[in-house]
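User: I am new to this structure and would be grateful for a close look at one part of it. Please take the nonpolar core as the subject and set it in its surroundings.

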Amino acid sequence: MGVQVTIAANQIDKERFGYHAISLTHFIDTAEPSIAAGSKVEIGGALYEFVADETGTGWAGLGASSVAYILITPAGAACSWSYTTTAPTWDTAKQGWYTGTARVVGMLYKDAASLYQFKKIILPGERLLSWLVVIGSTVNPFVFNLPPAIGGLIRITIVNSTILATGLVRIVPSGAGIIGPAGNVACYLQNVDQSGAVYPFQFLDLLDDRSGYWAVVGGQFCPDQAVDTDGLQYHLGKLHHLPLGNVTDRTLGSIAPPAAGAWSAARTGAGVAGVPTGAKAVRVRVMTYLSATAAGAAILRIAFSDNNTNVPTATSAHAAAHVIAKAVAAADQWGYCQELDIPLNSAGQFYIYTEVAFNVTVASSWITPAAVGYYMGD
Amino acid sequence: MGTKLDPVTKKITLVEIDLKQGQSQWFNWCAGVWYVDFDNVYERIDAAFLSGMAAQFIIMVGSVIANGVALAQVATVALCESTNASFFYDTAGRRLYVHLNNGDEPAIEFVRIGVTIGLSNHAGYYNSVYYEPRIESPPTVTKTKDPLFFGRISLDSGSLSLDNTDGAFDAIGENASALFGAEARILQGFDTDAYGAFVRLATRMVENVRVSRDSAEFDLADKRKGLSRSVPLNVFDSVTYPDLDSSDIGKPIPLAYGLVYQTPVVCTNKNEGGPPAQYHFKLADTAGAGHNIKSVVYVYVNGVSVAFTNVNLATATLDVASGVYAPGDEVWVTFTGFETGGAMIENPADVILDLLNTWLGITYIAANFNLAEWAATTAAVTAMFPDAIGLFIDSPTEIYAILQDICASFLLNMIPQDDGKFTLRMYDAARAVSQSFDASDLLEVPSYEYDTSQLISYTSVEYARTWHNGNPRRLMDTSQDAAIFAIYGKHVLGTFATLLTTEADAQTFSTAMLSIQGAALRKFSVRFKLQPFDREIMDFIDVYIWRPTKAMIGRVKAEVLSKQIAASSGVVLGCRIVFNYP
């Protein structure tokens with residue numbers, strides 16, 4: 001049962017719980033910040049004001065590549081502030097984030113060069129911290145060490161806005177911490193894949209779900225693995241399907257397969273057939289027909305790639321279409337239809353490669369890829 | 001004709017009793033500190049904002065209790081600002097400042113302030129308080145220590161008889177929340193003394209009251225009775241553990257310190273269908289204690305050591321595979337208990353502090369403890385018993401009783417000083433003499449006795465208990481038996497149940513006990529004026545024991561076992577002779 005507060009002086013005392021109006025200088029650059037003159041903060045029921053710009057202490061003692069919290073410590077009629085790596089806890093009695101009797105009002109990141117990155121002011125009443133980390137570093141990779149997950153503290157959205165074409169952001173869990181289903185491994189954000197297609201502002205959304213566990217709640221989640229170099233795998237994003245309410249022609253050109261062991265010329269996969277320019281990949285329905293050279297078994301195996309330098313094989317990761325038939329007589333035709341996702345290069349192109357053409361007259365065969373959807377890397 | 005000369009000064013006894021009452025109005029002073037001005041003078045607040053406020057007729061506040069825990073009194077507002085769980089009373093300004101635990105707002109805690117009533121044997125104003133002349137007979141307070149010297153706590157007592165001919169105390173007991181448990185302080189001085197020169201003889205709490213037409217008698221109890229909360233407090237429940245067996249619902253979640261052998265543990269998913277691949281076991285109450293456990297050493301199922309997985313030191317849990325364990329099996333775990341900062345809490349002095357802080361909110365600060373002596377004892381006990389404690393608590397036990405067991409196992413005594421602070425002492429035959437007395441200081445010739453009733457000639461020391469059945473290992477030490485028998489003509493076994501964990505420490509304990517109890521106990525009591533009023537239990541003193549014409553046994557070094565202070569008749573010390581000077 002709530003009780004009305006009737007004494008005016010008590011009302012003022014109680015109304016300021018949780019309040020602050022803090023501004024940091026150098027908020028959007030990487031220089032050392034000050035709490036700006038005129039900033040005010042309530043701590044333990046008392047109201048303090050910074051009458052001049054004031055820098056914090058303790059930065060030098062923090063390890064590089066670590067999250068730091070802005071801690072304001074009261075001492076009687078004065079207060080001072082410092083940096084700490086100790087995560088605060090929500091104090092329901094005081095209506096704010098506290099470490100002991102000192103209040104935490106913001107956070108930032110000390111990068112490998114000791115720069116003051118990603119400054120954030122915690123809003124009054126912000127029970128689950130929301131931290132947007134936009135990384136535009138030219139360091140490759142830029143390492144972002146996550147703070148320990150403690151449960152219910154923070155949601156971090158990490159955005160890779162680096163201007164470095166191959167720039168990776170490497171996100172490393174603390175200690176034995178776990179990120180999503182991948183376990184105790186780091187992950188990365190890439191803004192360019194092997195095709196050379198750049199897709200900046202990729203992000204990863206992590207929620208401090210419980211002690212030692214970061215839940216992936218959105219974005220590009222690319223865990224480390226032991227086969228491919230970080231950043232080479234394709235992040236296609238969500239599938240956008242082309243409309244089914246019309247009969248628009250979506251074919252990307254019908255061609256005869258290249259000769260066995262040969263590549264086609266570059267085929268346009270974006271900016272046509274309803275696939276936007278800049279698409280990372282296109283989903284195609286491939287209709288493949290072979291024409292047998294003679295009676296007997298006939299095999300046509302073709303593959304698709306965003307480049308014409310790495311030769312596909314039966315066990316590589318290339319999108320591929322197979323038709324296997326038994327012809328009764330020469331010129332018998334057999335066909336097959338299937339849907340494939342084909343990565344596109346930075347020009348929105350793809351290539352077709354004939355891997356096997358056994359008992360097949362390729363000049364009399366044909367391939368018709370028709371777009372049914374696309375991926376923008378989002 | 002001569003004129004009778006009367007003493008020019010009078011002995012003054014002051015008694016202060018803090019009657020507890022609520023206080024709803026508080027204003028913020030600075031971060032974590034709140035204050036109330038009983039004159040309703042708030043220079044920081046415009047009068048327009050104080051509508052509805054009024055002055056309160058409170059002269060002195062001697063204590064403050066928040067959520068059942070007494071705050072430590074400090075001497076300045078600056079100290080109050082910097083000291084968690086403290087209060088400062090500005091007598092001149094009639095202003096009370098409180099710094100509650102964690103700097104919380106008083107409105108969200110149950111705060112009771114102890115408004116002091118002053119009583120005396122002679123009326124007077126001291127420190128702005130009027131002390132009514134109601135003390136009929138000067139109060140008597142006693143402090144004692146069990147003469148067996150192995151740490152058993154003997155609760156101290158006191159009583160106070162007040163004039164009630166005008167009925168002032170007729171209904172004092174009707175407001176139970178104000179009176180019982182209220183802090184009472186006894187101070188002694190002279191009428192020429194300022195308040196600050198008075199000596200505090202004792203700090204007690206009001207326990208019983210008897211009221212008659214003409215008098216009111218108060219029994220004053222040992223502060224250690226306030227340590228009566230039982231732990232563990234937290235229990236297993238079916239909400240947290242939905243697959244808990246019904247027989248385990250309500251079982252306390254244990255507390256553990258140091259290396260504990262074969263403790264019984266509760267399976268928290270005994271009723272899970274399937275059966276589950278893993279059965280989960282909870283070892284200790286890390287959430288309640290605020291500490292991780294240090295490590296898990298062995299897990300036994302029906303007495304056989306088995307493999308275990310998924311050890312979580314933060315939650316003190318582990319798993320045993322289905323098939324290795326089945327519901328109905330008995331499971332015991334040997335593990336090392338709570339740690340802080342990576343170091344196990346295993347020094348008995350540290351364990352005491354942790355229990356007091358965690359469960360009673362008594363923080364380790366100068367206002368609550370004799371820090372220097374506590375620290376020295378902590379070091380001494382480590383030096384003497386390097387293998388430390390093994391303590392497992394899985395049934396509700398008063399903290400007071402737990403402290404008693406700890407002290408008994410390590411030759412310790414936890415003593416409430418006259419100033420209200422706790423201190424910890426370890427028996428030390430080489431302790432420095434605190435005070436020396438000439439024969440002329442004694443008000444009477446001491447009588448003394450030689451007591452062999454508590455003699456022991458050999459020992460059985462129990463240590464390294466297996467906690468699931470309480471069976472200990474035992475050290476039998478007969479090394480002194482023949483020599484002691486040769487003197488006293490009897491074989492006497494002393495059995496000691498301890499919380500020690502190793503044979504080496506048990507041997508150290510036995511050696512110490514035989515050195516203390518392997519001879520007749522030589523005791524005496526001696527009465528002084530007020531010179532030894534500030535002696536503490538276990539202090540050493542030098543005393544001459546002689547009759548006017550010659551020495552009886554001469555000058556001795558003695559350990560104080562008890563102290564009785566009667567403001568009218570002086571101080572009586574009960575002592576044990578440690579050493580005869582040549």
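**The nonpolar cores and their setting**

Analyst: In this predicted model, the largest nonpolar core has 118 residues. The residues with the most contacts inside that core are B:A256, B:F281, B:I352, B:I406 and B:L412. One of these, B:I352, may be examined in detail: leaving aside residues up to four places away in sequence, B:I352 touches B:L403, B:I406 and B:M414. B:I406 thus appears both as a contact of B:I352 and among the residues with the most contacts in the core. A second core, separate from the one just described, has 86 residues. Its members include A:I135 and A:L206 of chain A, together with B:W29 and B:A85 of chain B.

For the setting in chain B, the domain assignment gives domain 1 as 11-221, domain 2 as 231-340, and domain 3 as 429-452 + 520-582. The C-alpha centres of domain 1 of chain B and domain 2 of chain B are 45 Å apart.

Chain A, which contributes A:I135 and A:L206 to the second core, has a secondary structure of one helix and 28 strands. Its radius of gyration is 29 Å, well over the 21 Å that the globule rule gives for 378 residues, so chain A is more spread out than a compact globule. Along its principal axes, the C-alpha trace of chain A spans about 100 × 45 × 35 Å. Of the 378 residues in chain A, 40% are buried. Among contacts in chain A with a separation of 6 or more, 69% are between residues 24 or more positions apart.

Note on methods:
Residues are numbered from 1 along each chain as its sequence is written. Chains are lettered from A and ligands numbered from 1 in the order in which they are written. This is a predicted model: local features need pLDDT of at least 70, side-chain atom pairs count only at pLDDT 80 or more; totals for chains, interfaces and linings use all residues. Domain bounds come from an automatic or database domain assignment. A nonpolar core is a set of buried Ala, Val, Leu, Ile, Met, Phe, Trp, Tyr and Cys residues joined through C-beta atoms within 7 Å. A residue is buried if 20 or more other C-beta atoms lie within 10 Å of its own, exposed if 12 or fewer, and partly exposed in between; C-beta atoms are placed from the backbone. Two residues are in contact if their C-beta atoms, placed from the backbone, lie within 7 Å. Helices (H or I, at least four residues) and strands (E, at least two) are DSSP runs, numbered from the N terminus. The radius of gyration is taken over C-alpha atoms; the globule rule is 2.2 Å times the number of residues to the power 0.38.
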